[in-house]
Amino acid sequence: MHLEAEPQKPSLAFLGPEGTYSHQAAHDHFGDSVHYIKVDSINDAVYSLSPQIPFAIVPAENSIFGSVVETLDCFRHKSVGQTCFIRGETTFAIRHCLLVKKGVKLQNVKTVLSHEQALGQCKTFLERYLPLASVIKTSSTAEAARMLADPTNVDASTSAAICSKLCADLYPVLDVLQEGIQNAETNLTRFWFLAWSMYSLPPSNPQVERHSLTALLRISPSPSSLLGCPSVGVARVLQLLQMRMARIDRRPALLNPPFTDIYFLEVEEISESDSRDRPRAVQDWKDRIEGKAQSVRSLGYGCISIGIW
Ligand SMILES: O=C(O)C(=O)Cc1ccccc1
């Protein structure tokens, strides 16, 4: 990891190497206002947050393949909500390509490398045109391209990578064999901006105005459910919250008894305030969310807000 920030520019960690969709989405939103730091995994992006690297970007969900479980699984950790908060989001359109080493044909491809999200988003293409190929999951799409271009662990004459077209510019030994191979033409990924402190905001993009207030609540099992006693069900929690539920995710809590879950609830409200009053509206929203979290805690559940934006 390269830690020398340019003066005045805050650092932002992204899933590397250069050319990932995380990198492109961040660049689209922040341009040159941040200093980009590539890390090896989504996990590293979350845990790299510190006073030296106050911001990060991570994928949240995709319109074809759904939640990015790697990100949610990091959010189970108790440091998230203490030294890691969601403070914004952006949506980025994704068009996957099949890249091969120059000269390799589709009929030569026996192995396809990519991030599990990209493999899922291109399942229809893979089943139709490469039904016998085996897949190798890589830490990112651009890492798949990097491995193909510098093959110490893969046979580049029989392999292909699913990644963005940009990777063909970054690795001139690679060619685009097929463009737009995702299951549906519209393929959007939402990314979250993370901050080390709840009080810091990544640089704003004046072209993007938000009209909603959003929060992500993490609901952890009640102590009684961990002792095997029935607790009030999560339906009771939803009823109590009485908020617009934009999204619900459930992940294993990795606690005993087995099948104990952690819930992530994304709640939102349309904001009527204009952009000058936004900080005030966000503060009021934060107070309301804290009030709701307290009511959920009174039911015996753990509940904290791990993001307000
Ligand atoms: O691997 C990447 O390029 C990422 O940024 C993660 C990802 C992969 C596929 C779709 C959205 C995000």
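**Note on the predicted model: loops, ligand shell, helix α10 and domains**

1. P257 sits in the loop that connects β13 (244-252) with β14 (261-270). The structure under review is a predicted model, and this loop deserves the opening comment. The peptide bond that leads from N256 into P257 is cis, its omega being near 0°. In general, most peptide bonds are trans.

2. Two further residues of this loop merit attention. L254 lies between β13 and β14, and although L254 is not a glycine, its phi is positive, at about 60°. F259 also belongs to the loop between β13 and β14; F259 is likewise not a glycine, and its phi is positive, at about 70°. As a rule, most residues other than glycine have a negative phi.

3. Are these two residues buried or exposed? L254 has 11 C-beta neighbours inside 10 Å and therefore counts as exposed. F259 has 7 other C-beta atoms within 10 Å, so F259 is exposed too. The cut-off for an exposed residue is 12 or fewer such neighbours.

4. A second cis peptide bond is found from G16 to P17, with omega near -5°. P17 is placed in the loop that runs between β1 (11-15) and α1 (21-30).

5. The ligand is surrounded by 14 residues, of which T20, S22, Q117, S140 and T141 come nearest. Four elements, namely α1, β3 (55-62), α4 (116-121) and α6 (141-149), each contribute at least two residues to this shell. In character, the shell comprises six nonpolar and eight polar residues, with no charged residue.

6. Where does the ligand shell lie with respect to the domains? Residues of the shell come from both domain 1 (11-94 + 187-195) and domain 2 (97-179), and the shell therefore lies between these two domains.

7. Helix α10 spans residues 278-298, 21 residues in total. From its first C-alpha to its last, α10 reaches 30 Å, close to the 30 Å expected at 1.5 Å a residue. Just after α10, G300 adopts a positive phi of about 100°.

8. Which residues of α10 are buried? They are W285, I289, K292, A293 and V296. These residues cover an arc of only 105° around the axis, which means that they lie on the same side of α10. An α-helix has 3.6 residues a turn, so residues three or four places apart point the same way. The other side of α10 carries the exposed residues R280, Q283, D287, G291, Q294 and S298.

9. The packing partners of α10 can also be named. Its buried residues pack against β12 (212-220), α9 (234-241) and β15 (302-308).

10. The chain is divided into domain 1 (11-94 + 187-195), domain 2 (97-179) and domain 3 (212-308). Between domain 1 and domain 3, the C-alpha centres are 21 Å apart. Contact between these two domains involves 11 residues of domain 1 and nine residues of domain 3. On the side of domain 1 that touches domain 3, α3 (69-74) and β5 (85-93) each supply at least two residues. That side of domain 1 is made up of six nonpolar, two polar and three charged residues.

Notes
Residues numbered from 1 in each chain as written. Predicted model: local features only at pLDDT ≥ 70, side-chain atom pairs only at ≥ 80, totals over all residues. Buried ≥ 20, exposed ≤ 12 C-beta atoms within 10 Å, placed from the backbone. Near = placed C-beta within 6 Å. Nonpolar A, V, L, I, M, F, W, Y, C, P; charged D, E, K, R; others polar. Domains from an automatic or database assignment. Expected span 1.5 Å × (residues − 1). Arc of directions from axis to C-beta. Contact = placed C-beta atoms within 7 Å.
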